[in-house]
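Here are my notes on the model you sent over. I've kept them as numbered points so you can follow along with the structure open.

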Amino acid sequence: MSKKVHVKGTLVELDGDEMTRVMWKMVKEKLLLPYVDMEIEYFDLGLPNRDKTYDRVTLEAAEAIKKHWVGVKCATITPNKDRIKEYNLKKEWPSPNGTLRAVLDGTIFRSPILVSNILPTVKAWKKPIHIGRHAYGDVYKNQEIRVEQPGTAELVFSPADGSAPTKRLVHEFKGPGILQGIHNTDDSIRKFAKACFTYALDQKVDLWFSDKDTISKTYDSRFTQIFREESENWKTEFEQAHITYFFTLIDDAVARIMRSEGGILWACKNYDGDVMSDMLGSAYGSLAMMSSVLVSPSGQFEYEAAHGTVQKHYYKHLKGEKTSSNPMALIFAWTGALKKRGELDKTPDVVAFAQQLENAALETVQSGVMTGDLVKVAVPSSNNKVVYTEEFVDAIAANLRRKID
Ligand SMILES: NC(=O)c1ccc[n+]([C@@H]2O[C@H](COP(=O)([O-])OP(=O)(O)OC[C@H]3O[C@@H](n4cnc5c(N)ncnc54)[C@H](O)[C@@H]3O)[C@@H](O)[C@H]2O)c1
């Protein structure tokens with residue numbers, strides 16, 4: 001076997017939970033460590049360790065990504081009431097992704113992993129549709145109140161200079177109800193817009209932005225306005241690249257996306273991006289074929305899979321049953337991080353290795369060897385064969401070895 005490729009800079013690794021944690025280990029042991037010599041700063045974001053460290057580990061991991069520029073993250077549980085019982089937690093810790101996004105103030109870009117034998121459900125789609133999800137504020141950084149009795153709900157802003165507060169009546173409650181306060185900042189929206197224009201230009205794809213500014217005439221309108229202002233700054237570069245910027249309402253964007261042929265970066269507000277990326281993931285074949293990267297305004301990159309911890313498969317795994325969970329997006333998280341590390345460190349052999357690993361993974365699926373989620377959506381062929389996760393990783397490893405040796 002040829003010499004291992006050496007990664008010069010430090011990679012920040014964020015381990016996670018359940019089935020993805022099991023697959024993560026497999027991917028590292030079989031596809032990375034035999035070929036790559038890397039300096040890793042490891043953070044265990046598995047729920048038991050988040051609980052043990054009072055969630056400090058998540059903040060430390062975010063700081064490490066700030067310091068070293070490139071991170072790679074496994075999927076993690078966002079605790080709810082059931083999880084508190086299941087893991088005997090001290091409290092309902094916040095979503096690690098929410099914490100990372102708040103610290104890095106980044107934008108999440110999601111792109112499908114395309115293979116020739118899985119055709120998108122939407123026949124019109126010929127090229128990838130990338131999603132740019134604003135990763136700050138809105139409902140993910142909200143305050144909520146369960147209203148138990150009649151009363152008045154007001155929105156109040158008190159200026160720091162002591163001048164008179166601005167007040168709006170939200171609702172006069174006649175009985176029980178619910179209340180929510182959300183916010184965003186010009187700075188974060190502008191960074192989001194800049195990141196989207198940069199990414200669209202980098203990928204040479206049209207940029208769409210959508211919101212609901214006809215209803216939300218101050219909040220969403222601010223997004224529209226900032227994107228419009230930024231589009232002026234990027235006009236010349238976009239024209240030279242033969243790409244365009246287009247704004248439309250979210251409902252119109254959803255209708256149009258179904259008829260478009262793809263090749264678009266669709267910039268979405270935080271919640272829209274959360275929902276739409278799962279829709280696209282599933283329409284392109286499987287949630288497990290959607291990669292994700294959080295890009296901070298200063299240029300830090302955190303790569304991950306778009307999917308969760310594949311909880312049901314994990315319970316089977318715990319009972320000793322084999323599962324056919326799909327590690328593709330986890331593999332692409334690692335290759336994305338390695339490519340970025342190679343680009344920053346100017347080590348083309350690291351980029352080349354990551355590309356070889358991606359090719360080995362894609363070719364494995366294209367040869368018909370695939371996990372259960374993919375066989376249901378693949379073009380029918382006598383070559384198609386469902387394998388368990390470990391066999392799938394072994395098939396990729398064999399392909400990779402052939403390329404490298
Ligand atoms: N980025 C993240 O860390 C992240 C994202 C979403 C959910 N979560 C967490 O994951 C846990 C499970 O959430 P969920 O069930 O809503 O989401 P999920 O993505 O784990 O699963 C949703 C569905 O897709 C299937 N699926 C997803 N990934 C797959 C894969 N790699 N191979 C085969 N099938 C796959 C699952 O079997 C399930 O039917 C929750 O605790 C949630 O908090 C984490």
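1. Leaving aside its neighbours within four places in sequence, which residues is valine 377 in contact with? Keep in mind while looking that this is a predicted model. The answer is Ile118, Leu119 and Gly285. Valine 377 itself sits in the loop between helix H13 (372-375) and strand S16 (385-386). With a relative accessibility of 33%, valine 377 counts as partly exposed, because that value falls between the 20% limit for buried and the 50% limit for exposed.

2. Now zoom out to the whole chain. You'll find 14 helices and 16 strands in it. The radius of gyration is 22 Å, close to the 22 Å that the globule rule gives for 405 residues, so the chain is as compact as a globular protein of that length. If you want dimensions for a figure, the C-alpha trace spans about 70 × 55 × 45 Å along its principal axes.

3. On burial and contacts: 52% of the 405 residues are buried. Take the contacts between residues at least 6 apart in sequence, and 77% of them join residues at least 24 apart.

4. On the surface and the charges: the accessible surface of the chain comes to about 19400 Å². Carbon and sulfur atoms account for 53% of that surface. The chain has 54 positive and 54 negative charges, and the mean positions of the two sets are 2 Å apart.

5. Helix H11 deserves a look of its own. It runs over residues 328-345, which makes 18 residues. From first C-alpha to last, H11 reaches 25 Å, close to the 26 Å expected at 1.5 Å a residue. Of its 18 residues, 15 are buried, so H11 is largely enclosed by the rest of the structure. Right after H11 comes lysine 346, with a positive phi near 55 degrees.

6. Stay with H11 for a moment, since arginine 341 is found in that helix. Is arginine 341 buried or exposed? It is buried, at a relative accessible area of 7%. Not counting residues up to four places away in sequence, arginine 341 touches Val7, Gly9, Thr10, Leu11, His68, Val70 and Thr347.

7. Between His68 and Val70, two of the residues that arginine 341 touches, comes tryptophan 69, in the loop between helix H3 (56-68) and strand S3 (70-73). Its phi is positive, near 80 degrees, in a residue other than glycine. Tryptophan 69 is partly exposed, with a relative accessible area of 35%. How far apart in space are tryptophan 69 and valine 377, C-alpha to C-alpha? The distance is 36 Å, with their positions 308 residues apart in sequence.

8. Glutamate 18 is another non-glycine residue with a positive phi, near 50 degrees here. You'll find glutamate 18 in helix H1, which covers residues 18-32. At 4% relative accessibility, glutamate 18 counts as buried.

9. Next, the loop between strand S4 (107-112) and strand S5 (129-134), where lysine 127 is placed. Lysine 127 is partly exposed, at a relative accessible area of 39%. Its contacts, leaving aside neighbours within four places in sequence, are Glu261, Gly262, Gly263 and Tyr284. As for phenylalanine 238, it is 111 residues from lysine 127 along the chain, and their C-alpha atoms are separated by 19 Å.

10. Aspartate 272 belongs to helix H9 (residues 270-283). With a relative accessible area of 18%, aspartate 272 is buried, because the cut-off for that class is under 20%. Isoleucine 250 is 22 residues from aspartate 272 in sequence, and the two are 8.3 Å apart in space, C-alpha to C-alpha.

11. Last one: glutamate 391, in helix H14 (residues 389-404). At 36% relative accessibility, glutamate 391 counts as partly exposed. Glutamate 391 and glutamate 229 are 162 residues apart along the chain, and 51 Å separates their C-alpha atoms.

How values were computed. Residues are numbered from 1 along each chain as its sequence is written. This is a predicted model: local features need pLDDT of at least 70, side-chain atom pairs count only at pLDDT 80 or more; totals for chains, interfaces and linings use all residues. Side-chain values use heavy atoms; hydrogens and water are left out. Helices (H or I, at least four residues) and strands (E, at least two) are DSSP runs, numbered from the N terminus. The radius of gyration is taken over C-alpha atoms; the globule rule is 2.2 Å times the number of residues to the power 0.38. Buried means under 20% relative accessible area, exposed over 50%, partly exposed in between (1.4 Å probe, protein chains only). Contact means heavy atoms within 4.5 Å. Accessible areas come from the Shrake-Rupley method with a 1.4 Å probe; for residues, only the protein chains shown count as cover. Lys and Arg count as positive and Asp and Glu as negative; His and the chain ends are not counted. The place of a charge is taken as NZ of Lys, CZ of Arg, CG of Asp or CD of Glu. The expected span of a helix is 1.5 Å times one less than its number of residues.
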